[in-house]
Amino acid sequence: MDTTAPGPELDEEDGVVRHSALEDVLGIVTGTFTVSLGLFLLKTSGAVTGGTAGLALLLSYAGGLSFGVLFFAVNVPFFALAVWKKGWDFTLRTVTAVALVSGLSALHPIALGSLTVDPLYAVLGGNLLAGVGLLILFRHKASLGGFNILALLLQERLNWRAGYVQMVLDTAVVLAALTVVAPASVLLSAVGVVLLNLVLALNHRPGRYLGT
């Protein structure tokens, strides 16, 4: 019996080793699990983060609704932008990733129960996990939708730098948390957002990773 896992495919035109379908599936499952676990840690400390994940956390604190439902709902408008700017393949992978994170967010409390975690550990660890999970998703042509698609659109239409737009939107989410979260948690959340963006900035650079 051949127990060798299917290997990556080599594109004969550009010589780039591409992920196989199985690798993409495993990558998206791994990435979404890692992100959702990081968000679970953030939720245990009452912290927020950047992007639509942070917005969904904030709304869940304010209204008591399920994070998973809110996370999927706030991303719906961005799915349309993704189809327009990135095409159907990327969009379908992104919708799948968002749906998995939404579903897994309900699994962690059942599996792990009610945890008491030091807030600093929860925020730093949660953002590190979220950053690593996002990197995995990016490398398998997926994302978690949200502000980055809007930022790219505004860059193309208005010549606003996408990085600055993303930073402004993330800052707005963290500042909005002051309405429902203790100031100390907001400060920790801001530190966590910086850490998350550092993880992405230091590891997600064009040309560094050749597998697609």
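1. In this predicted model, Phe67 and Phe71 both belong to helix α3, where 4 residues, about one turn of the helix, set them apart. Phe67 counts as buried because its relative accessibility is 7%, below the 20% limit for that class. Phe71 is likewise buried, with a relative accessible area of 1%.

2. A pair of aromatic rings is described by the distance of the centres and the angle of the planes. The count of aromatic pairs comes to 3. One of them joins Phe67 and Phe71, which are stacked, with 5.5 Å centre to centre and 15° between the planes.

3. Phe72 and Phe79 form an edge-to-face pair, at 5.6 Å centre to centre and 65° between the planes. Phe72 is partly exposed, with a relative accessible area of 29%, whereas Phe79 is buried at 11%.

4. Another ring has a charged neighbour: Lys86 lies over the face of Phe90, at 5.2 Å from the ring centre.

5. Phe67 also appears in the lining of the second largest pocket, where Lys43, Phe67, Gly68, Ser105 and Pro109 lie nearest the centre among 16 lining residues. Helices α1 (21–44), α2 (51–63), α3 (67–86) and α4 (88–112) each give two or more residues to this lining. By class, the lining holds 8 nonpolar, 7 polar and 1 charged residues. The space in this pocket is about 200 Å³.

6. Gly145 is placed in the loop between α5 (119–138) and α6 (147–158). At 10% relative accessibility, Gly145 counts as buried. Leaving aside residues up to four places away in sequence, Gly145 touches Asn75, Thr94 and Val98. The C-alpha atoms of Gly145 and Gly51 are separated by 8.9 Å, although these residues are 94 residues apart along the chain.

Note on methods. Residues are numbered from 1 along each chain as its sequence is written. This is a predicted model: local features need pLDDT of at least 70, side-chain atom pairs count only at pLDDT 80 or more; totals for chains, interfaces and linings use all residues. Side-chain values use heavy atoms; hydrogens and water are left out. On a 1 Å grid over the protein atoms alone, a cavity is a set of points where a 1.4 Å probe fits but cannot get out, and a pocket is an open set with protein on both sides within 12 Å along at least five of seven lines; lining residues have an atom within 4 Å of a point. Grid points are joined across faces, edges and corners, and a volume is the space filled by probe spheres set on the points. Ala, Val, Leu, Ile, Met, Phe, Trp, Tyr, Cys and Pro count as nonpolar, Asp, Glu, Lys and Arg as charged, and the others, Gly among them, as polar. Buried means under 20% relative accessible area, exposed over 50%, partly exposed in between (1.4 Å probe, protein chains only). Contact means heavy atoms within 4.5 Å. Rings of Phe, Tyr and Trp (its six-membered ring) pair if their centres lie within 6.5 Å; planes under 30 degrees apart count as stacked, over 60 as edge-to-face and the rest as tilted. A charge sits over a ring if NZ of Lys or CZ of Arg is within 6 Å of the ring centre and within 35 degrees of the ring normal.
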